[in-house]
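Got your viewer open? Have the selection box ready, and we'll go stop by stop through what there is to see.

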Amino acid sequence: MATRITESDTASLQTSSPEGAPALDAREQIIVRDPATGAELARVPVRTAEEVGRAVARARAAQKSWSALSFRERGRIVFAARALVLAEMDELAQLISRESGKPAAEAISMEIVPTLDLMQFFARRTARLLKPERIPIGLYELMGRTSYVEYRPLGVVGIISPWNFPWAIPLGEVVMALMAGNAVVLKPSELTPLVALKIGDMFERAGLPAGLLEIVTGAGATGAALVESGVDKIMFTGSVATGKRVAEAAARRLVPVVLELGGKDPMLVFEDADIEAAAHAAVWGAFANSGQACASVERCYIDERVAPAFTTRVVELTRALKQDIGAREGADLGAMSSARQLSIVEEHVREAVEHGARVLTGGGRADIEGVTQDETLFHQPTVLADVNHTMRVMREETFGPVLPLMTFKTEEEAVRLANDSEFGLTASVWTRDIGRGRRVASRVEAGTVMVNEVLYTHGIAQTPWGGVKESGLGRTHGRLGLLEMVAPHHVHTNRLARLPDVWWFGYTPQAAALFRSLARRFATGSALQTTLVMPQILRRVLGGKKK
Ligand code: NDP
């Protein structure tokens with residue numbers, strides 16, 4: 001949670017600087033608060049466009065020598081940062097929990113564990129993943145040509161990240177960008193700047209040369225300034241509305257963008273599914289991080305034959321969840337991260353109930369022992385039945401602890417309901433028949449479809465992450481994500497340069513006849529057909545040479 005204040009507001013207030021934060025020389029500041037208690041955690045500066053420009057210039061200057069290092073040398077720094085993360089894991093989990101509201105245990109399982117794995121993976125494997133590749137060029141090889149692609153760093157990558165996974169989302173992209181030889185300027189959400197500053201602090205202590213990872217704290221305007229700052233790519237994660245604004249601004253400058261946007265992810269439970277496993281998965285998939293995950297289970301469709309058993313179990317498991325301040329041991333759900341997000345959740349539940357939805361459990365704010373702030377940011381995990389696709393809770397991203405349940409009769413209907421959305425980030429299919437699971441998966445419009453799994457594949461460093469439809473453009477993570485951090489550089493060589501090319505000037509009638517033969521035979525890709533043109537080719541090439 002955060003409040004912005006201007007210089008005049010701060011005149012009588014003492015400023016504080018979290019570990020690793022730059023000096024507070026900006027006009028505006030952000031007061032960072034614990035969303036569970038409202039307690040002030042620290043203040044950070046709102047960086048101006050000029051400051052963003054200077055950060056990008058420092059990054060650009062530092063990138064030259066960084067890109068000259070070997071992958072092994074870059075990997076050494078990433079491993080050193082990883083060792084610090086591991087050594088300071090509990091302190092870090094507390095910071096993530098205090099700034100975002102999520103349980104500290106979940107900060108470890110969903111943010112720290114996956115990034116430790118990602119760090120070792122890209123530190124070890126980037127060299128192999130970005131090895132220059134020979135490109136088979138078919139019959140051109142018979143003419144003594146070869147092609148390969150090498151992957152060059154882009155320069156400076158701008159990363160704009162959201163508040164819901166304030167550690168894992170930016171850190172994964174920082175590691176991939178650095179390993180690929182880039183410098184990074186990171187603009188974290190104004191709700192969670194302290195965790196981002198911690199990323200900078202850890203890399204600094206790990207020995208990353210100055211300038212290679214600049215953190216520019218601030219709100220939307222600071223992010224907009226980063227898009228305009230002359231960076232070579234923007235990796236944006238956030239809402240669809242902001243993503244479109246970023247894409248428009250980037251397009252004006254021809255800056256490439258990756259957009260990791262929202263989701264309305266469906267879970268399909270077929271009649272042959274393991275109902276106990278599916279119920280646990282639905283509850284975790286919908287309520288982890290209080291449902292504030294782009295890949296949360298936002299809609300659950302159940303075959304009507306197993307819906308009663310599944311629903312009963314989901315409600316039982318939901319009622320057993322412990323909601324508490326995230327930093328306290330044993331909490332399953334913490335506070336939501338902001339009052340704004342909480343009000344969206346409340347509005348979706350209210351509107352659904354008004355149109356006939358039934359609240360099976362939850363439905364409102366939760367009272368938490370020891371929380372005295374005026375307005376609690378805790379929302380009960382809520383299960384809804386009797387929902388339909390006219391309701392906002394089934395169409396728009398709720399991004400909160402709400403699990404709406406709906407039934408279907410046939411596989412066809414299940415797929416139709418899953419695809420009836422403007423989003424396409426992830427989806428999940430539950431069945432004991434893996435063949436059926438994959439068949440359905442191939443028909444669901446989403447960047448990732450999991451069979452008998454939910455939510456977690458952002459945590460796999462090796463697999464691509466990204467959406468279709470309004471869920472975004474491009475990929476992050478895996479080799480496809482790494483390729484977003486580099487410019488492919490094609491090198492083509494002709495080993496028979498002493499011979500002229502048949503398509504060069506001298507468009508004589510014989511040449512035109514040869515071009516027609518090339519169209520009919522060479523362009524088939526068949527070596528046999530091409531041999532039939534060889535006499536014409538040789539006449540032209542050797543004749544040309546004689547001239
Ligand atoms: P926002 O779109 O509000 O913000 C995302 C980032 O963009 C923040 O750092 C924000 O700064 C910044 N920003 C705001 N305005 C601008 C602007 N005009 N130009 C450039 N940057 C700007 O998203 P949230 O932070 O609310 O994140 C929640 C959303 O993110 C959800 O829709 C969720 O689905 C999506 N998301 C997608 C993921 C994916 O992988 N597909 C993963 C996680 C979340 P500030 O916060 O300071 O305003």
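The tour starts with the whole chain and then moves on to single residues.

This is a predicted model, in which local features need pLDDT of at least 70 and side-chain atom pairs count only at pLDDT 80 or more, while totals for chains, interfaces and linings use all residues. Residues are numbered from 1 along each chain as its sequence is written, and side-chain values use heavy atoms, with hydrogens and water left out.

**Whole chain**

Select everything and show it as a cartoon. You should have 19 helices and 19 strands on screen; helices (H or I, at least four residues) and strands (E, at least two) are DSSP runs, numbered from the N terminus. Line the view up with the principal axes, and the C-alpha atoms fill a box of roughly 95 × 65 × 40 Å.

Now colour by accessibility. Of the 547 residues, 55% count as buried, where buried means under 20% relative accessible area, exposed over 50%, and partly exposed in between (1.4 Å probe, protein chains only). Switch on a surface and you are looking at about 23,300 Å² of exposed area, with carbon and sulfur atoms supplying 54% of it. Those areas come from the Shrake-Rupley method with a 1.4 Å probe, and for residues only the protein chains shown count as cover.

How much of the contact map joins residues at least 24 apart? Among contacts between residues at least 6 apart in sequence, that share is 71%, a contact being heavy atoms within 4.5 Å.

For charges, the chain has 63 positive and 63 negative side chains, and the centres of the two sets lie 14 Å apart. Lys and Arg count as positive, Asp and Glu as negative, and His and the chain ends are not counted. Each charge is placed at NZ of Lys, CZ of Arg, CG of Asp or CD of Glu.

**Arg436 and its surroundings**

Next, select Arg436, which sits in helix α15. Buried or exposed? Arg436 is buried, with a relative accessible area of 12%. Leaving aside residues up to four places away in sequence, Arg436 touches Phe270, Glu271, Asp272, Glu411 and Thr431. Measure from Arg436 to Phe270 and the C-alpha atoms come out 9.8 Å apart, with their positions 166 residues apart along the chain.

Add Glu271 as sticks. The side chains of Glu271 and Arg436 meet in a salt bridge (3.3 Å, N to O). Glu271 lies in the loop between β11 (265-269) and α10, and Arg436 in helix α15 (residues 434-443), so this pair ties together parts that are 165 residues apart in sequence. Glu271 counts as partly exposed, at 29% relative accessibility.

A salt bridge here is a side-chain nitrogen of Lys or Arg within 4 Å of a carboxyl oxygen of Asp or Glu. Widen the selection to Glu271, Asp272, Asp303, Arg305, Glu411, Arg436 and Arg439: they are linked in a network of salt bridges. The whole structure has 37 salt bridges.

**Two more pairs**

Go to Glu228 and Arg253, a salt bridge whose closest N and O atoms are 2.9 Å apart. Glu228 is in the loop between α8 (220-227) and β9 (233-237), and Arg253 is in the loop between α9 (240-252) and β10 (257-260), 25 residues apart. Glu228 is partly exposed at 36% relative accessible area, and Arg253 is partly exposed at 44%.

Then pick Asp386 and Arg358, whose side chains meet in a salt bridge of 2.7 Å, N to O. That pair links Asp386, in the loop between β14 and α13, with Arg358 in strand β13 (residues 358-361), 28 residues apart. Asp386 is partly exposed at 42%, and Arg358 is partly exposed at 45%.

**Positive phi**

Stay on Asp386 and check the backbone: phi is near 55°, a positive value in a residue other than glycine. Most residues other than glycine have a negative phi. Jump to Asn289, where phi is also near 55°. Asn289 lies in the loop between α10 (275-287) and β12 (297-303) and is buried, with a relative accessible area of 4%.

**Last stop: a nonpolar patch**

Finish on Tyr140, Trp503 and Trp504, which form a nonpolar surface patch with about 330 Å² of accessible area together. Patches are made of residues with over 30% relative accessible area and no salt bridge, with like charges joined within 9 Å and nonpolar side chains (Val, Leu, Ile, Met, Phe, Trp, Tyr) within 5 Å. Trp503 is in the loop between β19 (486-494) and α17 (509-520) and is partly exposed, with a relative accessible area of 36%.
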